[in-house]
Amino acid sequence: MAQDVLALYATRETLNRSPFEPSKEMEVKTFEKTFVFEPTPDQVTCFENVENDMVWRNRPMDRLVCGDVGFGKTEVAMRALFRAVVNGRQCALLAPTGVLAAQHYKTVVKRMGPDTPFNVSVTLLRGGMGKNTKTGREIRGKIADGSFQLIVGTHALLGNDLQFQDLGLLVVDEEQRFGVKQKERLKLICNGVDVLTLSATPIPRTLQMSLSGIRDTSTIRSPPPMRKATKSFVTQYDQEVIRDAIHTELERDGQCYFVVPRIAQLEEAEKMIRDLFPDIRMIQAHGRQTSGTAENNVAAFAEGNYDILLATTVIENGVDIPRVNTIIIQNAQSFGMSTLYQLRGRVGRSDVQAFAYFLHKTEAITEQSAMRLQAMADLHELGSGFDVANRDLEIRGAGSLLGTEQSGLAAKVGFDLYMRMLKKSIRQLRGLDLPAVLRTNILLPGNEGSIEVGTYAGSDDNSFKIPEKYIPDFAERAKEEGESRLAESTAKLVELTNYWKKTYGNLPASLQSELKKMHLHACTRQLGIDLVGMQDNGEGRMDCVLRSPGLRPRHWAYICSVLPKGLPTKGLDVVFPARFVNSGEDATIEGGKSMDLKSLLSDQSGNEEEEEWDALDQEEGEAMKQIASAMNVKSLDDINNEEYPRFIIKDLGSVKQGARVGALLKVLLPATKVVFEKQESDKEKAKVAHELREKREAMKKQKKENDSLERRRMGYAMTNGGNGLPQ
């Protein structure tokens, strides 16, 4: 399994597409100002992750955003969609239901539609708009010719008859609602396209891919201000409970949802409610109503024209009505955990205390449904969506990580043990699992070494630029600038400059100077360095500190073992905080001096005690969050560097300005070369493993087909008297 996961890593890294332009981020910042709420801390981190994926990476984005209902996932999608549009690309937002698609359409039009300063052309494509209808043909034609920049839709977006002009981004909302076949179709659509997936409770297989690192993941756990946790009650079906719940809500001038699992049960439920409340105003919403009826009924309910919305799971997603703060779910044992959680999330979307009632029939409860209902009772705090998904994963199993099963058998050994075994195996196979970063925030005096683009009026623009005289054609110049900006290694930059010399002639002096910055960033990204700056060492000397949150003693031990004479590079010191070393004290490894690096390691065999492993695993997860937020740091004085592994280059302040980039390159290049060569070797091994796996799968498939054909032949022969001929 670990070999297969690494093969997936390698395959994913080979995918390429043109990145989005950093010069367009000023327009994105203008759009961001239209968000009327103060983003939560987790939202801010999520915004940065998506920006880095889209702008600072060559391979297409494949990111899962996991966050509670009402915690701001939609705003993450809005900013990503706008970024795609201002870069001249089409984008699509896929929702599982017409109700949710209609909700998103209204939001998009309100935020960036034709009546806003952004003037984005938006359309809605949903059920009832097939290719044989006039409306369907018109919409499909305008999507194909690029007249519509942003398309919101349901499963209709997955049709073979739909052609995009230049799809750059696909946002999939509530991905757990889509089946395996639909996801296979998504894979075809998304080849080379950025994908952003939103979910409060991802399916077990998706969650496992996230936890094992196959899929990039951002989690929004911080709730909006003033939000209260919904009080949950799990109890047997009882009309007195229903009467009290509805009466209490109506007394405070609120509204209620009443949900049943099947359309056939709606009539009986309506009769029961009318027996309890003869004068109550009630309306239905379900999936078999004529096109647009469910959406219109929900809209009428939202306007306050009715007291109760009697519905099926059609309201599971996309219904956001702050006045509704009681939901009653009948036959709750019949729903999956994700659905139960989503339904509970329909209430509690204001500062009013909300209530959720999960009513079940004891005789119909199975062991798994009992565990699901218990989870809903236990996990009721704000931000518990990821915990619900984890509990669902434990109950159903992790599924086939590389196949089509969405739940599975990891529960045989326990999920925690399963994931621990998988992660350890991956670590041992990779050898050097030093996490690279997408951007390095270089804070040297005079902006030396920075390649950041100014995103606000009046801010400095230090972006890498090729002189217009050197490459006159704008499109070619922009392409080469993008290639240089995102070069993953100094070797790639050398390859690029050799191509330029051959194609455009010798490099001008100004371009050679600019290229030094690009080489520095290639080094820092490969060494996991997210922050670079000057700091007074207390002795009147200005040292350069290069923070590398993901660096661990095992990484540096390997790198030094490959360097000449097995010694760390002279002039490059490394400091590890006490929690990463055996001694219990901060450890400094001086460049150019021999040291027993193995003594730093907690356990050479990789067999750490379970508690220690979990603590280190969590620590590394937190380190990745710090990397994501590095671009917000304005000065090293704003953070506590003592908490992180870091490189130190002593007395860089004495090097004259303009020569510091070269000084940094001199000491970083040897270690960078080791990392690059090891990672290239790992990629090649993973590629071979992937090819072997593909061959094995093809052989299994062929054998299965042959066996099936043989069984049919045998059956035909037996039917016809054993001679295979008609009687």
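**Entry 1: aromatic rings**

I started at Tyr-504, which is partly exposed, with a relative accessibility of 22%. That value is not under 20%, the limit for buried, and not over 50%, the limit for exposed, so Tyr-504 falls in between. The model I am reading is predicted.

Next I counted ring pairs. With ring centres within 6.5 Å as the criterion, I get ten aromatic pairs. I opened the pair Phe-233 and Phe-355: the centres are 6.4 Å apart and the planes meet at 20°, so I log the pair as stacked. The cut-off for stacked is under 30 degrees. This pair links distant parts of the chain, with the two positions 122 residues apart. Phe-233 belongs to strand β8 (residues 231-236) and Phe-355 to strand β13 (residues 355-360).

How accessible are these two? Phe-233 is partly exposed at 35% relative accessibility. Phe-355 has 18%, so I count it as buried.

Then back to Tyr-504. Its ring pairs with that of Tyr-499, edge-to-face, at 6.4 Å centre to centre and with 90° between the planes. Tyr-499 is partly exposed too, with a relative accessibility of 39%.

I also noted a cluster: ring pairs connect Phe-31, Phe-82 and Phe-118.

**Entry 2: charges over rings**

Which rings have an arginine over them? I noted the ring of Phe-47, with the charged end of Arg-79 sitting over it, 3.8 Å from the ring centre. I noted the ring of Tyr-644 as well, where the charged end of Arg-547 lies 4.4 Å from the centre.

**Entry 3: cavities**

I searched the whole structure for cavities of 30 Å³ or more and found two. I looked up the second largest, whose volume is about 40 Å³. Its lining includes Ala-92, Leu-94, Leu-157, Leu-158 and Phe-164. Leu-167, Leu-170, Leu-186 and Ile-189 are also part of that lining. Three elements give two or more residues each to this lining: β2 (90-94), β5 (167-173) and α7 (180-189).

What is the character of the lining of the second largest cavity, nonpolar, polar or charged? I sorted its residues into nine nonpolar, no polar and no charged.

**Entry 4: strand β11**

I went to strand β11 (residues 308-311) and checked the side-chain directions. Ile-308 and Leu-310 point one way, and Leu-309 and Ala-311 point the other way. On both sides these residues are buried.

Which strands join β11? Strand β9 (residues 255-259) runs parallel to β11, and four bridges join them. Within this pairing I picked out Phe-258, whose bridge partner in β11 is Leu-310. Strand β10 (residues 282-285) also runs parallel to β11, again with four bridges. Here I logged Met-282, which has Ile-308 as its bridge partner in β11.

**Entry 5: positive phi**

I looked for positive phi in residues other than glycine. Asp-253 has a phi of about 65° and is not a glycine. I place Asp-253 in the loop between α9 (239-251) and β9. At 59% relative accessibility, over the 50% limit, Asp-253 counts as exposed.

Asn-447 is another entry, with a positive phi near 60°. Asn-447 lies in the loop between β14 (441-443) and α16 (474-485). I note Asn-447 as partly exposed, because its relative accessible area is 31%.

Key:
Residues numbered from 1 in each chain as written. Predicted model: local features only at pLDDT ≥ 70, side-chain atom pairs only at ≥ 80, totals over all residues. Heavy atoms only, no water. Phe/Tyr/Trp six-rings, centres within 6.5 Å; stacked < 30°, edge-to-face > 60°. Buried < 20%, exposed > 50% of the residue type's maximum accessible area, 1.4 Å probe, protein only. Lys NZ or Arg CZ within 6 Å of the ring centre and 35° of its normal. 1 Å grid on protein atoms, 1.4 Å probe; cavity = no way out; pocket = protein on both sides within 12 Å on 5 of 7 lines; lining within 4 Å. Points joined across faces, edges and corners; volume = space filled by probe spheres on them. Nonpolar A, V, L, I, M, F, W, Y, C, P; charged D, E, K, R; others polar. Pairing = 2+ DSSP bridges.
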